[in-house]
Amino acid sequence: SYPNPFRPTTNISYSVAKSAHVTLKIYDVKGRLVDTLVDAQQSANSYAKVWNADNAAPGVYFYRLTVNGQAVDTKRMVLLK
């Protein structure tokens, strides 16, 4: 994601190698689901999603990308206010 740390939005870029069901979810430091940015069938391509964290508390968050139910990537993000 960039920028990181961020306020109040960050861009999350990812690529899908072949057509698959993709989810991109944001979690807080306690593992609670905060937001779902993607939950859809996507074709092979590069994508970018913006997370607007206006309503989120400052702190550490994680995004998790899954493809066909398999975790592909988990990254840490820091939200400043």
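1. Ala-48 sits in strand 4, where strands are DSSP runs of E with at least two residues, helices are runs of H or I with at least four, and both are numbered from the N terminus. With a relative accessibility of 54%, Ala-48 counts as exposed; the cut-offs are over 50% for exposed, under 20% for buried and partly exposed in between, with a 1.4 Å probe and protein chains only. Setting aside residues up to four places away in sequence, Ala-48 touches Ile-12 and Ser-13, contact here meaning heavy atoms within 4.5 Å. Its C-alpha is also 6.5 Å from that of Asn-11, although 37 residues separate the two in sequence.

2. A word on what we're looking at: this is a predicted model, in which local features need pLDDT of at least 70 and side-chain atom pairs count only at pLDDT 80 or more, while totals for chains, interfaces and linings use all residues. Numbering starts from 1 along each chain as its sequence is written, and side-chain values use heavy atoms, with hydrogens and water left out.

3. Now the open sheet. It has four strands in the order 3-2-5-6, paired antiparallel; two strands count as paired if DSSP finds at least two bridges between them. Strand 3 and strand 6 (70-79) are the edges, and each has a single partner strand, so one side of each lacks a neighbour in the sheet. On average, neighbouring strands here are turned by 15° against each other, direction ignored. For that angle, axes are lines fitted to C-alpha atoms (for helices, over the stretch in contact), and angles run from 0 to 180 degrees between N-to-C directions.

4. Strand 2 is a good place to follow the pairing. Strand 2 (residues 20-28) runs antiparallel to strand 3 (residues 33-42) over eight bridges, and seven bridges join strand 2 to strand 5, again antiparallel. Val-22 shows both sides: its bridge partner is Ala-40 in strand 3 and Val-67 in strand 5. Strands 2 and 3 make a hairpin with four residues between them, and Gly-31 in the turn has a positive phi of about 85°.

5. What does Val-67 touch, leaving aside neighbours within four places in sequence? Val-67, in strand 5, is in contact with Ala-20, His-21, Val-22 and Val-72. Val-38 is 29 residues away from Val-67 in sequence and 11 Å away in space, C-alpha to C-alpha.

6. Asp-28 deserves a look too. This residue of strand 2 is buried, with a relative accessible area of 12%. Its side chain makes a polar contact with the side chain of Arg-32 at 2.7 Å, and a polar atom of the Asp-28 side chain lies 2.9 Å from the backbone nitrogen of Lys-30. A polar contact is a pair of N or O atoms within 3.5 Å; within protein, one must be able to donate a hydrogen and the other to accept it, and residues adjacent in sequence count only if both atoms are side-chain atoms. Beyond its neighbours within four places in sequence, Asp-28 is in contact with Val-34, Val-60, Tyr-61 and Phe-62.

7. Over in strand 1 there is Thr-10. Is Thr-10 buried or exposed? Thr-10 is buried, at a relative accessible area of 1%, and its side chain reaches the backbone oxygen of Pro-3 at 3.1 Å. Among the residues that Thr-10 touches, not counting those up to four places away, are Ser-1, Lys-49, Trp-51 and Met-77.

8. On to the rings. Rings of Phe, Tyr and Trp (its six-membered ring) pair if their centres lie within 6.5 Å; planes under 30 degrees apart count as stacked, over 60 as edge-to-face and the rest as tilted. By this rule there are three aromatic pairs. Tyr-14 and Tyr-47 have ring centres 5.5 Å apart and planes at 20°, so this pair is stacked. It links distant parts of the chain, with Tyr-14 in strand 1 (residues 9-16) and Tyr-47 in strand 4 (residues 45-52), 33 residues apart. Tyr-14 is buried, with a relative accessible area of 6%.

9. Trp-51 and Tyr-61 form an edge-to-face pair, 5.3 Å centre to centre with 65° between the planes. Trp-51 is in strand 4 and Tyr-61 in strand 5 (residues 59-67), so the pair ties together parts 10 residues apart in sequence. Both Trp-51 and Tyr-61 are buried, and ring pairs link them with Phe-6 into a cluster.

10. Finally, a charge over a ring: Arg-64 lies over the face of Tyr-27, 5.9 Å from the ring centre. The criterion is NZ of Lys or CZ of Arg within 6 Å of the ring centre and within 35 degrees of the ring normal.
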